[in-house]
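Got the viewer open and a hand on the mouse? Here is a short tour, one selection at a time.

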Amino acid sequence: MTKWNKNFYRSLVITSFIGLMVLLLFGISQILSYLNTGADRSVMLRLALNKENTYLPKVIWKDTVNPGRLIEKQTMIDIEEDYLNAWYIRQVAYQTNKKEGVEDYYTTNASERIAKILKTNRSKAITIHGTTTDHNISLDFYSADGQLAVITDQNVKEYQQIYKDDNLILETEEQSDYQVMLLLEDGYWRIRHLVKEKSSVPQKSKTTNKFAKVVRYKIYIDGKEFRIKGINYYPQKSPWDMFGEQFDPDTVSKDFDIIKKAGLNTVRIFVQYSDFGKTRVDAKKMKKLKQVLDLAKLKELKVVVTLFDFYGDYSVLDWTATHRHAEQIVSAFKEHEAILAWDIKNEPDLDFENRNKENVVAWLKEMINQVRKYDPNHLVTIGWASALAAPILDEEVDFVSFHYYLPLQDFNDTFSELSIMIDKPIVLQEFGLPSSRGFWNPFGATEKKQAKFHQEFQKIINKDQIHFLSWTLYDFEKVPSSVVGSLPWRKHKQKHFGFIDKNGKKKEAFKFINKE
Amino acid sequence: MNLKKKYNIIGICIILLCCVGFTAVIKPFVQEVTVLEKPKTSFVAGKEVVLDFRLSKKVTTRLFIHSSFGSTLLMSSTGRFILPTSISEKKGIISYTLFLGTKKLAKGEIIIEPNLKTPLQLESYVGPPSIIAGGKDYTMQVVIAKDGYDNPLPDSTAIWLKHQFLNIEKEETVLSKDMIGWQNRFSYDQSGRLLLSSQVNAKISKEFSVEVFPSLPEDFEINSIRKHNYADGNQIVELMTSVLKDQYGNIISDGTWVTYNVIDAKGALLKTQGSTVNGVAVAKILHPDHKDTWKIKAYVPGIAESNTITIAFEPVIEDYPIEFRMQNREIVVGPLSSFMNQLIPNGALVEVKIINENHQIETLTKSTFEGKAKFVLKKEFYPSGIYDIHIKALGVHKEFKQLPLE
């Protein structure tokens, strides 16, 4: 007994000694690392601003002819970078009412000027969230010693949201010309003088409707009326990841055959924002997208391409990043005949609550403008999740799209209400019923009920010749959590919307994919 | 009667209800506000900018202001807005939008002109700070004339640009454009210091100086100086250029690097360098230790070159004694005597080549001390046998064949 006691005390003493040592060493290391803060080289150097993925307005150098000196390519790059940084840092300053970083890109006098306005705004609790989308720079003067440059920046499009006490009260669009003098100081091109010279009315981009056009309630392709009879499409093996590792043109080709044979003429596909590489669009994904579009052309199907899937930022300072994403995709396919329309965003109204309705709508509005700018040939729409949201921005889109998952008997009323409000073609872009009876959903619809649902729906649709795209071709085995969350009963429901089951067998509903 | 009263009351109630109903309907029309008079559009920087909107109804409106350096929002219940000085002091276009709630009532712009009544300021940039004489190179003088609020004056402001060089003093007027007035100041033929200044109205700038360096050197002459012409390996030849000048006769800048290339009789290349002081570059090189002829030419690399001079060195010695001791294992070379029969200064190089059966085993070198050099061939390194020994000193070559080493 005494021996046990002795050992117990012994081990207690040893462990407490070790514990004490550990604590002591930890303490010393903490003190040392605290004393070292600030001595870190990466902190000492003023490294370049990390703005790569956020602020990327479209910059065009219109001309560099100037009486001073021929400008070098590298200097142009430097000036452009620092000049845009100056804009970015100023936007951030007005958003936070703090002047941190301003003096890196503005000379002392100029940054004092900004600081004064910031002070005025701070005293009134006004913050301004702004961005610029376009810059058209011409060089007026570049000095012989390469230390001074005067540029004119024309038609700078600025969008600003004005908040008072953190409430959005106004949004404005301005288009202005600026003359700017920059000085090269310790390696930075800093703004010395900045003079707004002209303000003009921003012009909207126009659609030329090269491939399809809209007259009143109807869509025309090659002069012939076109009724969208389509389906939302994901390959069975890779739902919500169509252009991933499992991409197989043969599968897509076979599926397109099934769709075409079923008498449909349109498919709706999805391009994910981050999956496609955000601001630097992945060339491999683009190649796959092109393959899909080429296949659609071959099979004589039209495609509605939904952009920005799973995108959810919408903040004003993130606008230009999304513009560059859209520019790369949309301009690459502006001559592609298979595309019927660009669908800017799938169900953006679901983000109204979390991301602020004004933010989302403003983003959509500008994005429509951007898409038209880089592709004036194709139609533009927005895939609203509910009929209630559908009238938003109806002036801007070419046709209005909405999704309907509510009771069948209310559809007629909903649709006729919409048709009164909207003077454009209205497309029922998603509808369907999952045959999801099973463990997770004991009261769900059977395949028979699903078939009945589609039969009924087709009756209504056909009566009024409504444009439709049903959800979706296949039952899926796996649904990513990012789609409906990770709850198993939700996922379960999402797996059974298809017209073809997971074994490749056509379900009863397939008969009514296109007709009653 | 009662019934009638009842009807009357109901009637009055209906009328009242209607009134209330209609006012509710009419109200928005009453609220309609129009801008009857917009404010004037031109102001001078630094003066109070008051924007007066005459509205059809007294309501609280907001004015969004967008200026060169940023935006702000003002509020007023009278239609009168006073711009903060942070905005009204800067020149340029200011656009404004008048809002009632989120409804735009008016949109317009005002212009703020620089204030010419404030004391002017000059902002000058001169560069590059040094240029080359001859009228091809230039420095640029850029002047920004500003008002007291740091606003560049309007285009076509007259700016006097002045300069002084040696006994030249000139001034010219340029008109500003794109905020700046500027001129390229080309160099004159002489080197020296160029002083620059500028003036707008009564405001004069400080002085700027630009160094005008001589242009590139022209071709030049070289010569050599030596104490005697013997190849003693001890004395030093001094090589010297003529005064290096540019094409306008300016002595080129001190420190210009001159390289002398020496080619000896065998075609080997020796090099020495010097930098100029007052246009002359001096370089030194040791005499050879054997009879030789040098061809020397100097270069300012890539820019200018000299003539070629030839100098010859005579041998200091015709012959010298060699003593073999200790069964040929100790070789004493010397005494080496020079041109007046004096002992050669310490340090002359002696070379001994040891050859066994046509195969060179070793080259030993030593420098002389008091005219002599001693070589010891140890048994451990050179086993007994027959050797050839070649000895070379001060250009004199001697061979000893079939020497037995014990």
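## Start on a helix

Select residues 249-261 of chain A in this predicted model. That is helix α6, with 13 residues and a reach of 18 Å from first C-alpha to last, close to the 18 Å expected at 1.5 Å a residue. Now show the side chains of Val252(A), Ser253(A), Asp255(A), Phe256(A) and Ile259(A), which are the buried ones in α6(A). They sit on the same side of the helix, because the arc they cover around the axis is only 165 degrees.

Turn to the face pointing away from that buried side and pick out Asp250(A), Lys254(A) and Lys261(A): these are exposed. What lies over the buried residues? Among the elements covering them are β9 (229-232), β10 (266-272) and α7 (283-298) of chain A. Before leaving, click on Gly263(A), which comes after α6(A) and has a positive phi, near 90 degrees.

## Zoom out

Show the whole of chain A. You should be able to find 14 helices and 16 strands, in a C-alpha trace that spans about 100 × 75 × 45 Å along its principal axes. The chain has 516 residues, and 54% of them are buried. Take the contacts in chain A with a separation of 6 or more: 73% of these join residues 24 or more positions apart.

## Into the largest pocket

Next, select Glu347(A), Leu350(A), Ala385(A), Tyr405(A) and Glu430(A). Of the 45 residues lining the largest pocket, these lie nearest its centre. The space here comes to about 1300 Å³.

Colour the elements around the pocket next. β12 (339-346), β14 (400-404), α11 (411-421), α12, α13 (481-484) and α14 (488-494) of chain A each supply at least two lining residues. Which element gives the most? That would be α11(A), with five residues. Colouring the lining of this largest pocket by type should show 25 nonpolar residues, nine polar and eleven charged.

## A stop on α12

While α12 is coloured, go to Gln450(A), which is in that helix (residues 447-463) of chain A. Is Gln450(A) buried or exposed? Its relative accessible area is 0%, so Gln450(A) is buried. Leaving out residues up to four places away in sequence, Gln450(A) touches Leu433(A), Ser435(A), His496(A), Phe497(A), Gly498(A), Lys507(A) and Ala509(A).

## The second largest pocket

Now move to the second largest pocket, with a volume of about 650 Å³. Its lining has 26 residues, and the closest to the centre are Glu173(A), Lys204(A), Lys365(A), Glu366(A) and Glu396(A). Bring chain B into view too: β9 (103-113) of chain B gives two or more residues to this lining, as do β3 (148-164), β4 (167-185) and α10 of chain A. The biggest contributor to the second largest pocket is α10(A), with eight residues. By type, this lining divides into eight nonpolar, five polar and 13 charged residues.

## Last click: Lys365

Finish on Lys365(A), in helix α10 (residues 357-374) of chain A. With a relative accessible area of 36%, Lys365(A) is partly exposed. Which residues does Lys365(A) contact, leaving aside neighbours within four places in sequence? They are Leu393(A) and Glu396(A). To end with a long view, draw a distance from the C-alpha of Lys365(A) to that of Leu12(A): the two are 353 residues apart along the chain and separated by 70 Å.

Notes: Residues numbered from 1 in each chain as written. Chains lettered and ligands numbered in written order. Predicted model: local features only at pLDDT ≥ 70, side-chain atom pairs only at ≥ 80, totals over all residues. Heavy atoms only, no water. Helix = DSSP H or I, 4+ residues; strand = E, 2+ residues; numbered from the N terminus. Buried < 20%, exposed > 50% of the residue type's maximum accessible area, 1.4 Å probe, protein only. Contact = heavy atoms within 4.5 Å. Expected span 1.5 Å × (residues − 1). Arc of directions from axis to C-beta. 1 Å grid on protein atoms, 1.4 Å probe; cavity = no way out; pocket = protein on both sides within 12 Å on 5 of 7 lines; lining within 4 Å. Points joined across faces, edges and corners; volume = space filled by probe spheres on them. Nonpolar A, V, L, I, M, F, W, Y, C, P; charged D, E, K, R; others polar.
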